[in-house]
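Good morning, and thank you for joining this group meeting. Please have the sequence and the structure open while I speak.

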Amino acid sequence: MADNVIWILVAGVIIGALLIHFYVWRKYHYICPKCHRPFKPTFLRSLIAVNAAEDRKLRCPNCSSTEYMKALKDEKKHAK
Ligand SMILES: [Zn+2]
């Protein structure tokens, strides 16, 4: 029984982390420092990207360079 409780907690933490990441992913985009084009990575790619504080190492879909990019909040859309 105690083992099950631990796994439920682990699953809860993972699901919680995924939900937080999904929320951030929905509201943020990135701008490539090389070609200055804004883009949104796929959810999975965003999830596995290396985290360095607010920066994520992502590959730009426009110029294909891999750079550390800062997450920027989407400001244009207010509709949910
Ligand atoms: Zn680029």
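Among contacts in the protein between residues at least 6 apart in sequence, 44% join residues at least 24 apart. I should state at once that we are looking at a predicted model. Its average pLDDT is 85, and 86% of the residues score at least 70. Confidence is highest in strand β2, at a mean of 92, and lowest in strand β3, residues 51-52, at 59.

Let me turn to the overall layout. The protein contains two helices and five strands. Their order along the sequence is α-β-β-α-β-β-β. Of the 80 residues in the protein, 16% are buried.

How do the strands pair? Strands β1 and β5 run antiparallel and are joined by three bridges. Within this pair, H29 has L72 of β5 as its bridge partner. Strand β1 also pairs with β2, again in the antiparallel sense, over two bridges. Here I31 is matched with P38 in β2. Finally, β4 and β5, the latter covering residues 66-73, run antiparallel with five bridges between them. In that pair, R59 stands opposite T66 in β5.

Two of these pairs are hairpins, and I would like to take them in turn. The hairpin of β1 and β2 has six residues between the strands. H36 lies in this loop, between β1 at residues 28-31 and β2 at residues 38-39. Its phi is positive, at about 60 degrees, although H36 is not a glycine. Is H36 buried or exposed? H36 has a relative accessible area of 58%, so it counts as exposed, the cut-off being over 50%.

The hairpin of β4 and β5 also has six residues between its strands. S64 is found in the loop between β4 and β5. This residue, too, is other than glycine and has a positive phi, near 65 degrees. With a relative accessibility of 42%, S64 is partly exposed.

Let us now examine strand β4 itself, which spans residues 55-59. In a regular strand, side chains alternate between the two faces of the sheet. Which residues of β4 point to the buried face? They are R56 and L58, while D55, K57 and R59 point to the other face and are not buried.

R56 leads us to helix α2, residues 43-48, where S46 is found. S46 and R56 are ten residues apart in sequence, and their C-alpha atoms are 7.9 Å apart in space. Leaving out residues up to four places away in sequence, S46 touches H21, W25, Y30, P41 and R56. The relative accessible area of S46 is 2%, so this serine is buried, the cut-off being under 20%.

I come next to the zinc ion. Which residues supply its protein donors? They are C32, C35, C60 and C63, each through its SG atom, at 2.2 to 2.3 Å from the ion. Along the chain, the donors follow the spacing C-x2-C-x24-C-x2-C. Why is the arrangement called tetrahedral? The four donor atoms subtend angles of 104 to 117 degrees around the zinc ion, and the arrangement is tetrahedral because all angles must lie between 85 and 135 degrees for that label.

The donors can also be examined for their accessibility. C32 has a relative accessibility of 0% and is therefore buried. C35, in contrast, has a relative accessible area of 27% and is partly exposed.

Two of the donors bring us to the interior of the protein. Which residues make up the largest nonpolar core? This core has seven residues in all: Y30, C32, F39, A49, L58, C60 and M69. C32 and C60 are thus listed here, and both are also donors of the zinc ion. L58, another member of the core, is one of the residues on the buried face of β4. C60 is in contact with C32, C35, F39, S65 and M69, leaving aside its neighbours within four places in sequence.

To conclude, I would ask you to keep two items in view. One is the zinc ion with its tetrahedral arrangement of four donor atoms. The other is the nonpolar core of seven residues, including C32 and C60. Thank you for your attention.

Conventions:
Residues numbered from 1 in each chain as written. Heavy atoms only, no water. Buried < 20%, exposed > 50% of the residue type's maximum accessible area, 1.4 Å probe, protein only. Helix = DSSP H or I, 4+ residues; strand = E, 2+ residues; numbered from the N terminus. Pairing = 2+ DSSP bridges. Donors = N, O, S within 2.8 Å, 3.2 Å for Na, K, Ca; no water. Tetrahedral: all angles 85-135°; square planar, octahedral: opposite > 155°, others 65-115°. Contact = heavy atoms within 4.5 Å. Core = buried A, V, L, I, M, F, W, Y, C linked by side-chain atoms within 4.5 Å. pLDDT = per-residue confidence, 0-100.
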